[in-house]
Amino acid sequence: QVQLVESGGGLVQAGGSLRLSCVSSGTIFSRNDMNWYRQAPGKQRELVASITSAGRANYADFVKDRFTISRDNAKDTMYLQMNSLQAEDTAVYYCNEKEFQGRWGTLDYWGQGTQVTVSS
């Protein structure tokens, strides 16, 4: 059974930092691309950052130079270091794992989410 468990969310003042973690189990983590998404109240879920199985990272423009995505394949864990947090970063942050199934496409797995609240 695949499970993704996020942690590290909380309440922080504007300008502060948080580090989110996502621990994966039930997959061959090192083979899969990973993503962080977020969803603010009344808004659609949006992609924040991605990291490929090879470790190549990409970021949404609104978090570039503030957030850093990383992974530790030995621990089956992905991280999101968030610095210079702004009120607009307030959202539930979700971990996503993409497991490629060859010609059958891709399976998406999701965590339960962790709340990040930034007070201004």
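Mentor: Helices (H or I, at least four residues) and strands (E, at least two) are DSSP runs, numbered from the N terminus. This is a predicted model, where local features need pLDDT of at least 70, side-chain atom pairs count only at pLDDT 80 or more, and totals for chains, interfaces and linings use all residues. Residues are numbered from 1 along each chain as its sequence is written, and side-chain values use heavy atoms, leaving out hydrogens and water.

Trainee: How many helices and strands does the chain have?

Mentor: Reading along the sequence, you meet the pattern β-β-β-β-β-β-β-β-β-β-β. The count is therefore 0 helices and 11 strands.

Trainee: What is the radius of gyration of the chain?

Mentor: This value is taken over C-alpha atoms, and the globule rule is 2.2 Å times the number of residues to the power 0.38. With 120 residues, a compact globule would come near 14 Å, and the chain agrees, with 14 Å.

Trainee: What percentage of the residues count as buried?

Mentor: Buried means under 20% relative accessible area, with a 1.4 Å probe and protein chains only. Of the 120 residues, the share is 42%.

Trainee: Which residues touch the most other members of the largest nonpolar core?

Mentor: A nonpolar core is a set of buried Ala, Val, Leu, Ile, Met, Phe, Trp, Tyr and Cys residues joined through side-chain atoms within 4.5 Å. The largest one has 26 residues, and those touching the most other members are Trp36, Val48, Phe67, Met78, Leu80, Met82 and Tyr93.

Trainee: Which strands each supply at least two residues of this core?

Mentor: Follow the numbering along the chain, and you find β3 (18-25), β4 (33-39), β5 (46-51), β7 (67-72), β8 (77-82), β9 (91-100) and β11 (114-119).

Conventions: Buried means under 20% relative accessible area, exposed over 50%, partly exposed in between (1.4 Å probe, protein chains only).
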